[in-house]
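This briefing describes one protein chain for a reader at the bench. Its topics are the overall fold, ring contacts, charged pairs and two individual residues.

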Amino acid sequence: MSQILLRNIKFGTKWYEIRDYCERYGDVRWVEVLFNSKSKMLGWALVSFIDKEAGERAATDLHEVKWKGRYLKAANVTGPSKFSSYI
């Protein structure tokens, strides 16, 4: 299993749109769109891939890719400490 953090996602994008976009790299286990304490979308999502290599490939290929008019930022998430540094 591998997880990536996608940032700079266009507000209003649905979790299943992110899943469909990421499935070109491999089977997606789940997608979690992140919101702030006031239920406003942050423009971030965690994407979990079943295959480790698929997640690594997605993180590399999706970084700085234009999607829905915005340039994505993508990074592998290796544990809670790394993810916490983004918040």
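A residue is called buried when its relative accessible area is under 20% and exposed when that area is over 50%, with partly exposed in between. By this scale Lys73, with a relative accessible area of 28%, is partly exposed. The model is predicted. Its chain has 87 residues, of which 40% are buried.

**Overall architecture**

- The chain contains 3 helices and 6 strands.
- Read from the N terminus, these elements follow the order β-α-β-β-α-β-β-β-α.
- Of the contacts between residues at least 6 apart in sequence, 63% join residues at least 24 apart.
- The exposed surface of the chain comes to about 5,200 Å², and carbon and sulfur atoms supply 50% of that area.

**Aromatic pairs**

- The structure has 2 aromatic pairs.
- One of them is formed by Trp15 and Tyr16, whose rings are arranged edge-to-face, with 5.9 Å centre to centre and 85° between the planes.
- Both partners are partly exposed: Trp15 has a relative accessible area of 44%, and Tyr16 has a relative accessibility of 40%.
- The rings of Tyr21 and Trp67 also pair, and because their planes stand at 20°, with the centres 4.3 Å apart, this pair is stacked.
- Tyr21 belongs to helix H1 (residues 15–22) and Trp67 to strand S4 (residues 66–67), so the stacked pair ties together parts that are 46 residues apart in sequence.
- Tyr21 has a relative accessibility of 12%, which is under 20%, and therefore counts as buried.
- Trp67 likewise counts as buried, at 12% relative accessibility.

**Charges over rings**

- Tyr21 takes part in a further arrangement, in which the charged end of Arg24 sits over the ring of Tyr21 at 4.2 Å from its centre.
- Arg70 lies over the face of Phe11, and the distance to the ring centre is 5.4 Å.

**Salt bridges**

- Side chains of opposite charge can pair when their charged atoms come close.
- The structure has 4 salt bridges, and three of them are described here.
- Glu17 and Lys68 form a salt bridge in which the closest N and O atoms are 2.8 Å apart.
- This pair links distant parts of the chain, since Glu17 is in helix H1 and Lys68 is in the loop between S4 and strand S5 (70–71), 51 residues apart.
- Glu17 is partly exposed at a relative accessible area of 27%, and Lys68 is partly exposed at 34%.
- Lys52 and Glu56 form another salt bridge, with 4.0 Å between the closest N and O atoms.
- Lys52 and Glu56 are 4 residues apart in helix H2 (residues 52–62), so about one helical turn separates them.
- Lys52 has a relative accessible area of 46% and is partly exposed; Glu56, at 33% relative accessibility, also counts as partly exposed.
- Lys73 and Glu64 meet through their side chains in a salt bridge, at 2.5 Å from N to O.
- Glu64 counts as partly exposed at 39% relative accessibility, and its partner Lys73 is partly exposed at a relative accessible area of 28%.

**Surroundings of Lys68**

- Lys68 is located in the loop between S4 and S5.
- Leaving aside residues up to four places away in sequence, Lys68 touches Lys10, Thr13 and Glu17.
- Thr13 and Lys68 are 55 residues apart along the chain, and their C-alpha atoms are separated by 9.0 Å.
- The side chains of Lys68 and Glu17 are also joined by a polar contact of 2.8 Å.

**Surroundings of Ser2**

- Ser2 is part of strand S1 (residues 2–7).
- The relative accessible area of Ser2 is 8%, which is under 20%, so Ser2 is buried.
- Residues up to four places away in sequence not being counted, Ser2 touches Val47, Ser48, Phe49, Asp51, Lys52, Gly55, Glu56 and Asn76.
- Among these neighbours are Lys52 and Glu56, which form a salt bridge with each other.

Conventions
Residues numbered from 1 in each chain as written. Predicted model: local features only at pLDDT ≥ 70, side-chain atom pairs only at ≥ 80, totals over all residues. Heavy atoms only, no water. Helix = DSSP H or I, 4+ residues; strand = E, 2+ residues; numbered from the N terminus. Buried < 20%, exposed > 50% of the residue type's maximum accessible area, 1.4 Å probe, protein only. Contact = heavy atoms within 4.5 Å. Areas by Shrake-Rupley, 256 points an atom, 1.4 Å probe, with all protein chains shown as cover. Phe/Tyr/Trp six-rings, centres within 6.5 Å; stacked < 30°, edge-to-face > 60°. Lys NZ or Arg CZ within 6 Å of the ring centre and 35° of its normal. Polar contact = N/O pair within 3.5 Å; in protein donor to acceptor, adjacent residues only side chain to side chain.
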